[in-house]
Amino acid sequence: MPVRYKTCLLIDDNYIDNFVTRKILESGKFAEDIVVHQSPTDAIEALRDGSVKPDVIFLDIRMPQMTGFEFLLEFETIEWEGKEKVKIFMLSSSLDPTDMSNSLNNKYVAQFVHKPLTHEALEELCT
């Protein structure tokens with residue numbers, strides 16, 4: 001199975017969730033490079049300075065420094081060539097229907113995915 005994306009950015013404040021998600025992404029040959037940030041503000045800085053230019057982003061919603069929705073507002077202010085092609089998947093354990101609705105109504109969000117990420121869910125994202 002060929003690698004689907006060049007660079008995947010994973011943003012989640014929970015170390016264990018990042019570990020599990022990264023393993024699923026690696027074993028599913030999802031991306032050549034998987035960049036993990038536990039801090040959404042660090043991820044924003046990496047996007048601003050150009051040190052990471054992802055094709056796809058997995059973004060948690062509930063984080064202490066900045067929510068996933070606040071991240072999306074900051075993301076909108078960053079300019080780089082190819083940004084419009086970036087797929088963002090909200091990866092959350094939230095059962096709040098408002099979170100799902102707000103995610104899917106955001107122009108940058110491709111899909112809402114429930115944690116934990118599974119091989120089956122990853123395959124669905126790639127079809």
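**Group meeting talk: a five-stranded parallel sheet and its helices**

Okay, let's start with one pair of residues: F89 has Q111 in β5 as its bridge partner. That pairing belongs to a longer contact, since β4 (87-92) and β5 (109-114) run parallel and are joined by five bridges.

A quick word on what we're looking at. This is a predicted model, where local features need pLDDT of at least 70 and side-chain atom pairs count only at pLDDT 80 or more, while totals for chains, interfaces and linings use all residues. Residues are numbered from 1 along each chain as its sequence is written, and side-chain values use heavy atoms, with hydrogens and water left out.

Now let's zoom out. The protein has five helices and five strands (DSSP runs numbered from the N terminus, H or I of at least four residues for helices, E of at least two for strands). Starting at the N terminus, the order of elements is β-α-β-α-β-α-β-α-β-α. The radius of gyration, taken over C-alpha atoms, is 13 Å, close to the 14 Å from the globule rule for 127 residues, so the protein is as compact as a globular protein of that length. That rule is 2.2 Å times the number of residues to the power 0.38.

So how are the strands of the open sheet ordered? They go β2-β1-β3-β4-β5, with parallel pairing; two strands pair if DSSP finds at least two bridges between them. β2 and β5 are at the edges with a single partner strand each, so one side of each has no neighbour in the sheet. From one strand to the next, the twist averages 20°.

On to the helices. α1 (residues 15-27) packs on the sheet, touching β1, β2, β3 and β4, and its direction makes about 175° with that of β2. α2 lies across β1 and β2, at about 145° to β1. For these angles, axes are lines fitted to C-alpha atoms, for helices over the stretch in contact, and angles run from 0 to 180 degrees between N-to-C directions.

Let's stay on α2. P40, A43, I44, A46 and L47 are buried there, where buried means under 20% relative accessible area, exposed over 50%, and partly exposed in between, with a 1.4 Å probe and protein chains only. They sit on the same side of α2, because they cover an arc of only 160° around the axis, judged by the directions from the helix axis to the C-beta atoms. Their cover includes β1, β2 (31-37) and α3. Just after α2, G50 has a positive phi of about 80°.

What about the inside? A nonpolar core here is a set of buried Ala, Val, Leu, Ile, Met, Phe, Trp, Tyr and Cys residues joined through side-chain atoms within 4.5 Å. The largest one has 24 residues, and L59, F71, F75 and I88 touch the most other members. α2 gives the largest share of this core, four residues. There's also a second, separate core of 17 residues, with Y5, L91, V113 and L125 among them.

Last stop: D12, in the loop between β1 and α1. Is D12 buried or exposed? Buried, because its relative accessibility is 2%. Leaving out residues up to four places away in sequence, D12 touches D17, N18, H37, Q38, D60, M63 and K115, with contact meaning heavy atoms within 4.5 Å. D12 and I61 are 49 residues apart in sequence, yet 8.2 Å apart in space, C-alpha to C-alpha.
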